[in-house]
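Here is a friendly walk through one protein model, meant to be read with the structure open beside you. Take a moment to turn it around before reading on.

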Amino acid sequence: MNDQNVVAAELPAIPVSAGALIFDQARRLLILKPTYKTGWTIPGGVMEADGETPWNACRREVREECGIEVNSGRLACTDYRPGRPGHPGGIRFLFDCGPADDADRAAIRLQPEEIAEYRLVPLDAALALLRPPIRRRVRAVSRHRRFVYLEDGRPVPGIRS
């Protein structure tokens, strides 16, 4: 094993994903029903290991899952999700991509292999439907309206945003 392989073997392998908050003009949140897991989620997914950035992963996943081209956004939070048996945990980036216009909504085309359905729902209704880790993240971001550092979807005492 050469030196590069030894160093790579010692580095932690922590999955990183990026998600998007996309609202319409009425402030309804776009949520998706995945085909491969229970509950509802927001557009997003895992970063590619080819050097993709969190922002590019967010944009790619939104485009793949629902056909919307995201061109601007604001980093709303970073969330460290601890691992548990069978799940490695990881780091989650959440971008607020602002309001989608009529053309964006008309362009929604779901990726049928991964997404069964979409809805635009008021934030309170979305929070009731979202899977718990995503619900905590979206709730924290909606309460603070500025960047938030989270661990397992919860603000961390002593960390100012």
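The notes below cover a pocket, a cavity, a helix, a nonpolar core, two cysteines and a few backbone angles.

## The largest pocket

Please keep in mind that this is a predicted model. Its largest pocket has a volume of about 770 Å³. The lining is made up of 31 residues, and Ser17, Lys37, Arg81, Arg92 and Arg131 are the ones closest to the pocket centre.

To find the walls, look for β1 (16–23), β3 (44–46), α2 (54–66), β5 (90–99) and α5 (132–144), the elements that each give two or more residues to the lining. The largest share comes from β1, with four residues. Sorted by class, the lining has 14 nonpolar and 10 charged residues, along with seven polar ones.

## A small closed space

How many cavities of 30 Å³ or more does the count give? The count comes to one, and the largest cavity has a volume of about 60 Å³. You can locate this cavity from its lining residues: Leu21, Phe23, Arg27, Arg74, Asp96, Leu123, Val138, Val141, Ser142 and Arg145.

Two elements, β1 and α5, each supply at least two residues of the cavity lining. Here the largest share, three residues, comes from α5. By class, the cavity lining holds five nonpolar, four charged and one polar residue.

## Helix α5

Helix α5 is worth a look of its own. α5 has 13 residues and spans 18 Å from first C-alpha to last, close to the 18 Å expected at 1.5 Å a residue.

Which residues of α5 are buried? They are Pro133, Ile134, Arg136, Arg137, Val138, Ala140, Val141 and Ser142. Among these, Val138, Val141 and Ser142 also line the largest cavity. Just after the helix, Arg145 takes a positive phi of about 55 degrees, and Arg145 is another of the cavity-lining residues.

## The nonpolar core

In soluble globular proteins, nonpolar side chains tend to be buried together. In this model, the largest nonpolar core has 19 residues, and those that touch the most other members are Leu21, Leu29, Ile31, Ile42, Leu94, Leu130 and Val138. Two or more core residues come from each of β1, β2 (28–34), β4 (74–81), α4 (123–129), α5 and β7 (148–151). The largest share of the core, four residues, comes from α5.

Leu21 and Val138 link two parts of this tour: both are named among the core residues with the most contacts, and both line the largest cavity.

## Two free cysteines

The structure holds zero disulfides. Why is Cys97 not bonded to Cys58? The sulfur of Cys97 is 4.2 Å from that of Cys58, its closest cysteine sulfur, so the two are too far apart for a bond; a disulfide here would need the sulfurs within 2.5 Å.

Are these cysteines buried or exposed? Cys58 counts as buried because its relative accessibility is 0%. Cys97 is also buried, with a relative accessible area of 12%.

## Positive phi in two loops

Arg27 sits in the loop between β1 and β2. Its phi is near 65 degrees, a positive value in a residue other than glycine. With 38% relative accessibility, Arg27 counts as partly exposed.

Asp152 lies in the loop between β7 and β8 (154–155). Phi of Asp152 is near 55 degrees, again positive in a residue other than glycine. At 24% relative accessibility, Asp152 counts as partly exposed.

Conventions: Residues are numbered from 1 along each chain as its sequence is written. This is a predicted model: local features need pLDDT of at least 70, side-chain atom pairs count only at pLDDT 80 or more; totals for chains, interfaces and linings use all residues. Side-chain values use heavy atoms; hydrogens and water are left out. On a 1 Å grid over the protein atoms alone, a cavity is a set of points where a 1.4 Å probe fits but cannot get out, and a pocket is an open set with protein on both sides within 12 Å along at least five of seven lines; lining residues have an atom within 4 Å of a point. Grid points are joined across faces, edges and corners, and a volume is the space filled by probe spheres set on the points. Ala, Val, Leu, Ile, Met, Phe, Trp, Tyr, Cys and Pro count as nonpolar, Asp, Glu, Lys and Arg as charged, and the others, Gly among them, as polar. Buried means under 20% relative accessible area, exposed over 50%, partly exposed in between (1.4 Å probe, protein chains only). The expected span of a helix is 1.5 Å times one less than its number of residues. A nonpolar core is a set of buried Ala, Val, Leu, Ile, Met, Phe, Trp, Tyr and Cys residues joined through side-chain atoms within 4.5 Å.
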